[in-house]
Amino acid sequence: MVVLLIGGGSALMNAMIDKLNKNGHRVYLLTGQREGRSSYRHVFEKYDFPYDSGSIKEVLESVKPDVTVFTGAFDTNFDWAQAGQETVRYTAGLMNILSAFNILKSGRFFYFSSQEVYRDSHIENVTEGEAAFPSGFKAMALSQGEEMCANYRRVQGMEAFILRFDHLYWVPEKGEEENNPCYRMCLEALKTGKIPANSRRAFSMIYLNDAVELAYQLMCAEAPKHACYHISSSEEIGETELAEKIREEMGSDIEVVDNTVGMGNRLVLSNERYEQEFGLQIFNHYDAGVKKVASYMKRHSAAFLAEDDEGGGLAVKAWNSTRKIFRAVFPFLENLVCFIPFFMLNNRAVDSRFFARLDFYLLYVLLFAVVYGQQQAVFSGLLAVAGFCFRQMYDRSGFEVLLDYNTYVWMAQLFIVGLVVGYLHDRLRLVRNESRAKVQYLNGQLKDIEDINDSNVRMKHNFESQVVNHKDSLGKIYEISSSLEQYGPEEVLFYAAQVLSRLMDCEDVAVYTVANGDYARLFSATSRDARKLGNSIKYTDMEDMYGELKEHRVYVNRNMAEKMPMMAGAVYSEENMQLILMLWGIPWERMTLGEANRLTIVGALIQNAVVRANRYLEALKNRRYVQGTNVLDEEAFAQLVKAFSDACGKGLTEYVLLEILAEGKDYEKVADTLGGAIRQTDYLGILEGGKLYALLSNTNRENVGGIVERFKSAGYDSRVEEAEL
């Protein structure tokens, strides 16, 4: 297979070349530069042309590659520190490459993108179908590149594929700067001895070797089914957890600093599509990959540290101090060494007919004033004066030299020229440093403005949505809340979940009824995800949520705890908690005060309907139950079973109907005997000519066995009523 790699030198490029060469493929390289400064041992031919060159077409026609790879997000030819300018150059270069490749009408084109095209936090792993939402110039450029590849594939029929790499990391070269979370945290540990970590930030990373292996399998696949694939481990790791792994490797003297600010942020790319189609195996998990990076950077810490860095251990600090002293002393040593040849030249020139009027000392002072500035100009001037006086004392006494006004005129001339030139040098260097610092400051300000603008845009969209839908909202709330009144008293709680789902625009909603002071029982739910806590929970152990609910406040999962709902509210009746409303499928940008207030209002509406239904049932208690028992009569129980059956058909609940095989109609005795064997959320009732049944809420056939055994232990056999399942 002939492969054309396009991009500047990088760790990813080197790894791709090694992988392709080991597997016997012929590799060509387009560097994107007019003068390629790097050499590659295993590259068959290297082409040094910029991406906007007209020669790209000839290169592709000459190579006729089976696979063309543009490294895109990892191309070192682009300086994203000046992202505003590079965006235009990046887009234009990629367009030229795609146009030239399209003329060939053969081969495959792979475009390397990254997780940067996604900005927002995501509760679930991000799939390939999720629309990109970039933030910043680089992310927008990468996203535009993806769109261009997709357009060529759709319109021109080009076999173009997009590979999104998820937080790629690797062992860096000595002294090289990289842009990945693992490298940045290791470098911070070396520099300061501290690792700041935000406990609310989570992501996934993939080691370079694993990423190259997955990309290679895709490049060699006969017929990939999709145009876009995520190259990801999908193994979530928090910043704090990553910092702890780095600290374990670098030593206990490294401190992990809690830098938790803002709301939760989670970005993990899903590799499910790739795994289903090609299979997937990750060799370098975090324990191994992070250890490699941290241990390497620790061993070669001197290559990554500057003189003013605090970390790196005693040896590195001593080495940095030595380098600092040497750099300070070196100009003086150099000055002294250079003085000797100038002193000798001056002595020879004095007696020369051609060079007698040439002042070597003045040239000497000018040289060091231009190179080092005023300080060295003064020092070299003093040496020159000493050399001049020493030479004059060959013919005259020292006293005569000191009385000669020509000596002082020469000295004044020497120092004036040296100091003026040195001042100009120092001034230019100061202006240059100030300009560089100002540019860095403005770039930082620009990044902050971009982040603030992103936040403002999200808020603007939310407010726009609220304003546009405002007139609708009042009618919608009235209509949906009124719909609870049309249901029977037994059905209110089932459809409360649907009402909550519609009003809160959330697909995953669960309603729990409080069984006693510590436990709550699932009554209805709108999805499988909403049932993830199970049918019964001890809500008092959920300290964060319970602390908010008992204060009549809405719980908001700002820490993005995996086993907790995104939002939750409670419905009270006379200071007693009756219901817990849980919302799971809410994105973090909607977890705001406005949404919390909205849930409070919806909870109050549901509370009114539930209280009204309970009062109605209480008023009819004597008419609904067999006298002297808690067994529902045939009419009331039939209505209840129908309510559960309808709700089950809509996916709101599960239930099992058990026929209790009891002789006679002594319901009071049966109810007393089985009272301790059923839960508070279960019901006993009569159907079909006096037969006794137990309705078990939120139960299925898989877990009904325990209740059947309890009934049997109480002296009554039972069987599942098949017709009702």
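**A friendly tour of a predicted model**

Visitor: What distance does helix α9 reach from its first C-alpha to its last?
Guide: Helix α9 holds 14 residues, 286-299. Helices (H or I, at least four residues) and strands (E, at least two) are DSSP runs, numbered from the N terminus. The expected span of a helix is 1.5 Å times one less than its number of residues, and for α9 that is 20 Å. The helix comes close to this value, reaching 19 Å.

Visitor: Where is confidence highest in the protein?
Guide: This is a predicted model, in which local features need pLDDT of at least 70, side-chain atom pairs count only at pLDDT 80 or more, and totals for chains, interfaces and linings use all residues. Residues are numbered from 1 along each chain as its sequence is written, and side-chain values use heavy atoms, without hydrogens and water. The average pLDDT (the predictor's confidence in each residue, from 0 to 100) is 81, and 84% of the residues score at least 70. Confidence is lowest in helix α16 (residues 470-483), with a mean of 51, and highest, at 96, in strand β4 (residues 67-70).

Visitor: Why should low-scoring parts be read with care?
Guide: The score tells how far the predictor trusts each residue. Where pLDDT is low, the predicted coordinates should not be read in detail.

Visitor: How many strands are there in the protein?
Guide: Of its 725 residues, 46% are buried. The protein has 23 helices, and its strands number 25.

Visitor: Why does S295 count as buried?
Guide: S295 sits in helix α9, where the buried residues also include Y286, G289 and V290. Buried means under 20% relative accessible area, exposed over 50%, and partly exposed in between (1.4 Å probe, protein chains only). S295 counts as buried because its relative accessibility is 16%.

Visitor: How far is the backbone oxygen of K292 from a polar atom of the side chain of S295?
Guide: A polar contact is a pair of N or O atoms within 3.5 Å; within protein, one must be able to donate a hydrogen and the other to accept it, and residues adjacent in sequence count only if both atoms are side-chain atoms. Between the K292 backbone oxygen and the S295 side chain, the distance is 3.2 Å.

Visitor: Which residue shares a polar contact of 2.7 Å with the side chain of E277?
Guide: E277 lies in helix α8 (residues 272-278) and is partly exposed, at 22% relative accessible area. Its C-alpha is 8.0 Å from that of K225, although the two are 52 residues apart along the chain. Leaving out residues up to four places away in sequence, E277 is in contact (heavy atoms within 4.5 Å) with A223, P224, K225, H226 and Y229. The side chain that joins E277 at 2.7 Å is that of Y229.

Visitor: In which sense do β8 and β13 run, parallel or antiparallel?
Guide: Two strands pair if DSSP finds at least two bridges between them. In β8 (residues 194-197), I195 and A197 point to one face and are buried, while K194 and P196 point to the other and are not. K194 has E255 of β13 as its bridge partner. With 4 bridges joining them, β8 and β13 run parallel.

Visitor: What is the relative accessible area of V257?
Guide: V257 belongs to β13 (residues 255-258). Apart from neighbours within four places in sequence, V257 is in contact with K194, I195, P196 and A197. V257 is partly exposed, with a relative accessible area of 28%.

Visitor: Which strands are the edges of the open sheet of 6 strands?
Guide: The order is β17-β16-β15-β20-β19-β18, with antiparallel pairing. Each edge strand pairs on one side only, and the edges are β17 (536-538) and β18 (555-556).

Visitor: Which residue takes a positive phi in the hairpin of β19 and β20?
Guide: Strand β19 (residues 567-573) is mostly covered, with 6 of its 7 residues buried. It pairs with β20 (residues 576-583) over 7 bridges in the antiparallel sense, and M567 stands opposite L583. Between the two strands lie 2 residues, and the one with a positive phi near 55° is E574.

Visitor: How many disulfides does the structure hold?
Guide: A disulfide here is a pair of cysteine sulfur atoms within 2.5 Å. C228 is buried at 10% relative accessible area, and C506 is buried at 2%. The number of disulfides is 0.
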